[in-house]
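Student: Could you take a close look at one part of this structure for me? I'd like to follow how its helices pack, with the cut-offs spelled out.

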Amino acid sequence: MSGGFSLGFLSRVYQTQYNPQVYRDTLELFQAAEELGFDSGWVAQHHFASEQGRLPSPLVLLSAIAQRTRRIGLGTGIIVLPQEPPLRLAEDAAVLDLLSNGRLELGLGAGFDPDTFTAFGRDPEQRHRDYENHLQRLQAALGNSPLNDAGLRLQPQAPSLGGRLWEATSRVELVAARGNGLITAPNPHLPAQAGIDLVQRYRDAWTGDNGTPARIARVQGVFPLQHTPSLRQDIHTYLERQKRIGVYHGPLDGDFAETLQRLGVLHGTADSIVQGLASGPQLGRHDHLIVQVQSASTPLRDAIRALHIIAEEVAPALGWRPAVARPAKELALP
């Protein structure tokens, strides 16, 4: 991994049993990350507590975070686009981007959980078709195109948000052709080299026609603290559900270290994590390393301790330096 990248973290807003404290804890986590110099924080969308994720409405929580922070980027990793009305998503995203002074990074994906698709009255087999249709509508709205015969356009406008879209998909040539950023994470069914090759395919396909740079958001599970029985149980529970819905095809009863390796989760000392990150896809100044440091049972204090280790020992060894506090870009409300 080369230096000069941006450093982010991902919270899946996990919790084994729902408690509204999980949202307040996520607010505190963002504040702590900003103080440590993290460049961005990302939250994942989960409907009906799938995978024990407790956040169905990422933009609502990020709006609260925007009012408690000043500099840190606010990302969605990801919103399940086929389940969202694209014009309403564009409206909500535009308002949040204005409230946060242009800090929103809008990450999108097709999703995979059949239970949530049927609950929304959607056919999971058509999710890629719906994703493409919704993305086209979303990009038209953010690009200030007329949306009907009367010439209505998105209000309020967020002039630069269309250049801060990210997609989580293996169809990287399409992402490059659209000029969007690529969100990538280890695939438990493919060797580590496949992730490096995927990033290279994206870079090779990039044309830059829309004036934005090629950009990678590399998501990686990183647990620098001593393992506890709860981490083992959290991962086992997660994989059991992934296997039930047909997403995970590996063993459930293997050696725990081998399971973590298969999932691409880095653990152990700071030095060993540095080595693991250095062997992955190369990142440059337009790219993000996004670490996930929580499982469903991780207390807030342990998550903050993990962010400290990453910001103070891991990321600097890879060439990252914390951003100097700078005035946020002023965006006037229309």
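Tutor: What follows is a walk through one helix, its two helical neighbours, and the strand and loop before it.

A word on the ground rules: this is a predicted model, in which local features need pLDDT of at least 70 and side-chain atom pairs count only at pLDDT 80 or more, while totals for chains, interfaces and linings use all residues. Residues are numbered from 1 along each chain as its sequence is written, and side-chain values use heavy atoms, with hydrogens and water left out.

Let's put helix α2, residues 58–68, at the centre. Helices here are DSSP runs of H or I with at least four residues, strands are runs of E with at least two, and both are numbered from the N terminus.

One partner is helix α1, residues 21–36, whose axis comes within 10 Å of the α2 axis and crosses it at roughly 45 degrees. That angle makes α1 oblique to α2; angles under 35 degrees count as roughly parallel, over 145 as roughly antiparallel, 65 to 115 as roughly perpendicular and the rest as oblique. The axes are lines fitted to C-alpha atoms, over the stretch in contact for helices, and the angles run from 0 to 180 degrees between N-to-C directions. The crossing of α1 and α2 is right-handed, a label used when the near helix is turned clockwise from the far one by less than a right angle, with anticlockwise giving left-handed. On the α1 side, Y23, T26, L27, F30 and Q31 make the contact, meeting L61, L62, A64, I65 and R68 of α2. Contact means heavy atoms within 4.5 Å.

The other partner is helix α3, residues 86–99, which packs on α2 at about 10 degrees with the axes 9 Å apart. α2 and α3 are therefore roughly parallel to each other. Here α2 contributes L59, L62, S63, A66 and Q67, and α3 answers with L89, D92, A93, L96 and L99. Notice L62: this residue appears in the α2 contact with α1 and again in the α2 contact with α3.

Now step back along the chain to strand β2, residues 40–43, which includes S40. S40 counts as buried because its relative accessibility is 1%; buried means under 20% relative accessible area, exposed over 50% and partly exposed in between, using a 1.4 Å probe and protein chains only. Leaving aside residues up to four places away in sequence, S40 touches L7, G8, F9, I72, G73 and H288. With H288 there is also a side-chain polar contact of 3.4 Å. That term covers a pair of N or O atoms within 3.5 Å; within protein, one must be able to donate a hydrogen and the other to accept it, and residues adjacent in sequence count only if both atoms are side-chain atoms.

Between β2 and α2 runs a loop that holds F48 and A49. Have a look at the backbone there: F48 has a positive phi of about 60 degrees although it is not a glycine, and A49, also a residue other than glycine, has phi near 60 degrees. F48 is exposed, at 58% relative accessible area, whereas A49 is partly exposed, at 32%.

One last backbone detail: the peptide bond from G77 to I78 is cis, with omega near 10 degrees. I78 belongs to strand β3, residues 73–80.
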